[in-house]
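Visitor: I would like to walk through this model with you, one question at a time. Could you show me the sequence and the structure?

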Amino acid sequence: MAALFFLACFSFVVAKDEMTSSLLIGNARIDIRIEGSALRLPAKDVFRWVQSAAESVTAYYGRFPLPQVLIRITPFEGRGVRNGMTFGDRGGRITIRVGNDTSPAELASDWMLTHEMIHLAFPSVDEKHHWIEEGIATYVEPIARIQAGHLKAEQMWFDLVRDMHQGLPQVGDRGLDHTHTWGRTYWGGALFCLLADIEIRRQTNNAKGLEHALRGILDAGGDLHKEWNLEAAFRVGDRAVGVNVLQPLYARMKDMPVGVDLDSLWTQLGILPDGSSVRFDDRAALAAIRRAITMAESGTGAENSSPARLTAVFAGRAVGSS
């Protein structure tokens with residue numbers, strides 16, 4: 001991936017008891033607003049957290065999804081990252097809470113902000129299709145972090161093997177469009193994305209993947225600002241990769257439960273559970289597809305490669321109350 005340059009400008013507004021900064025990534029601007037004064041994390045760690053999430057989303061989509069986004073960070077007593085929400089109004093905004101005792105290491109390993117930024121890159125669809133919005137964010141988030149060098153592939157596949165079963169249909173399931181449980185919304189949607197990614201790569205001999213379909217939708221104007229029909233979005237995505245995968249897979253899974261033998265799928269991908277991690281079998285039938293899923297456009301981000309690091313250039317100034 002060609003080097004990307006970031007310019008962050010910091011300003012501190014004491015009168016409003018909040019701190020505001022901006023991060024420029026390509027042609028996009030991310031405004032970061034920290035409310036109150038309880039957050040005891042160093043500002044540089046907060047900015048690095050936002051930058052890492054932005055790098056990840058940019059690595060996957062080839063650009064940041066929207067030209068301007070506001071991230072409003074609210075501290076709370078305790079530790080961790082909670083309650084991320086993404087909205088399409090005011091240019092695009094994300095609200096998220098960060099515990100005032102969160103360590104820099106905990107912030108660096110967070111997945112939630114990347115998840116929320118991914119929501120910016122897909123159009124708003126009817127409520128019954130909420131599973132695709134959450135499924136994309138759940139599936140793409142770790143891949144994007146791997147491609148930007150912020151996560152190991154072993155961790156992603158361990159998490160998927162551990163959690164993907166939550167997306168399988170249960171008794172009484174009526175398909176993704178009609179079964180709105182937490183598991184089917186997040187992990188059922190992620191399972192749809194995994195199956196689509198594998199099939200696109202199989203039909204294109206690994207030349208294209210789900211990321212190219214999603215980039216095609218974004219480049220056609222399908223971001224969070226817009227309201228689209230889901231079938232129209234899938235037509236655009238299929239056209240972008242040159243094979244029909246999203247539309248027929250949706251037709252199969254929308255109105256009826258579709259079971260998947262996950263144990264067999266992990267074996268075909270060459271993913272072998274190994275205690276608290278996984279090992280890879282590169283002789284497996286779909287091993288090349290597994291490697292390609294986490295590989296960035298430049299060929300970096302793979303399981304045994306050193307990902308290209310994105311270059312950040314910072315310049316800023318502190319401003320007191322007027």
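Visitor: How many of the residues of helix H3 (residues 112–119) are buried?
Guide: Keep in mind that this is a predicted model. Helix H3 is mostly covered. The buried residues of H3 include Met112, Leu113, Thr114 and His115, and Glu116, Met117, Ile118 and His119 are also among them. For H3, then, the count of buried residues is eight of eight.

Visitor: What percentage of the residues of the protein count as buried?
Guide: Let us step back from H3 to the whole chain, which has eleven helices and nine strands. The protein exposes about 14,200 Å², with carbon and sulfur atoms supplying 51% of that area. Of its 322 residues, the share that counts as buried is 52%.

Visitor: Among contacts between residues at least 6 apart in sequence, what percentage join residues at least 24 apart?
Guide: Met164 and Trp187 make a nice example to start from: they are 23 residues apart along the chain, with their C-alpha atoms separated by 5.8 Å. For the protein, counting contacts between residues at least 6 apart, the part that joins residues at least 24 apart is 64%.

Visitor: Is Met164 buried or exposed?
Guide: Met164 sits in the loop between helix H5 (153–163) and H6. Leaving aside residues up to four places away in sequence, Met164 touches Asp159, Trp187, Ala190, Leu191, Leu194, Leu262 and Trp266. The relative accessibility of Met164 is 0%, and because buried means under 20%, Met164 counts as buried.

Visitor: Which word describes how H6 lies relative to H10?
Guide: H6 and helix H10 (residues 262–269) pack with their axes 13 Å apart, at an angle of about 40 degrees. Angles under 35 degrees would count as roughly parallel and those from 65 to 115 as roughly perpendicular. The angle here fits neither range, so H6 is to H10 oblique.

Visitor: How many nonpolar residues are in the contact of H6 with H10?
Guide: H6 passes H10 in a left-handed crossing. Leu191, Leu194, Leu195 and Ile198 of H6 meet Leu262, Leu265, Trp266 and Leu269 of H10. The contact has no polar and no charged residues, and its nonpolar residues number eight.

Visitor: And how many charged residues are in the contact of H4 with H6?
Guide: Helix H4 (residues 130–147) and helix H6 (residues 182–203) pack at about 65 degrees with axes 7 Å apart, and their crossing is right-handed. On the H4 side, the residues that meet H6 include His130, Trp131, Glu134 and Tyr139, while those on the H6 side include Arg184, Trp187, Phe192 and Asp197. The contact of H4 with H6 divides into eleven nonpolar residues, five polar ones and, for the charged, three.

Visitor: Which word describes how H7 and H8 lie to each other?
Guide: Helix H7 (residues 210–219) and helix H8 (residues 230–241) have axes 7 Å apart and pack at an angle of about 120 degrees. Roughly perpendicular runs from 65 to 115 degrees, and roughly antiparallel begins over 145. The angle falls between those ranges, so H7 and H8 are oblique.

Visitor: How many polar residues are in the contact of H7 with H8?
Guide: H7 passes H8 in a right-handed crossing. His212, Ala213, Gly216 and Ile217 of H7 make the contact with Ala233, Val236, Gly237, Ala240 and Val241 of H8. Of these residues six are nonpolar and none is charged, and the number of polar ones is three.

Terms used: Residues numbered from 1 in each chain as written. Predicted model: local features only at pLDDT ≥ 70, side-chain atom pairs only at ≥ 80, totals over all residues. Heavy atoms only, no water. Helix = DSSP H or I, 4+ residues; strand = E, 2+ residues; numbered from the N terminus. Buried < 20%, exposed > 50% of the residue type's maximum accessible area, 1.4 Å probe, protein only. Contact = heavy atoms within 4.5 Å. Areas by Shrake-Rupley, 256 points an atom, 1.4 Å probe, with all protein chains shown as cover. Axes fitted to C-alpha atoms, helices over the stretch in contact; angles between N-to-C directions. Left-handed = near helix turned anticlockwise from the far one by under 90°. Nonpolar A, V, L, I, M, F, W, Y, C, P; charged D, E, K, R; others polar.
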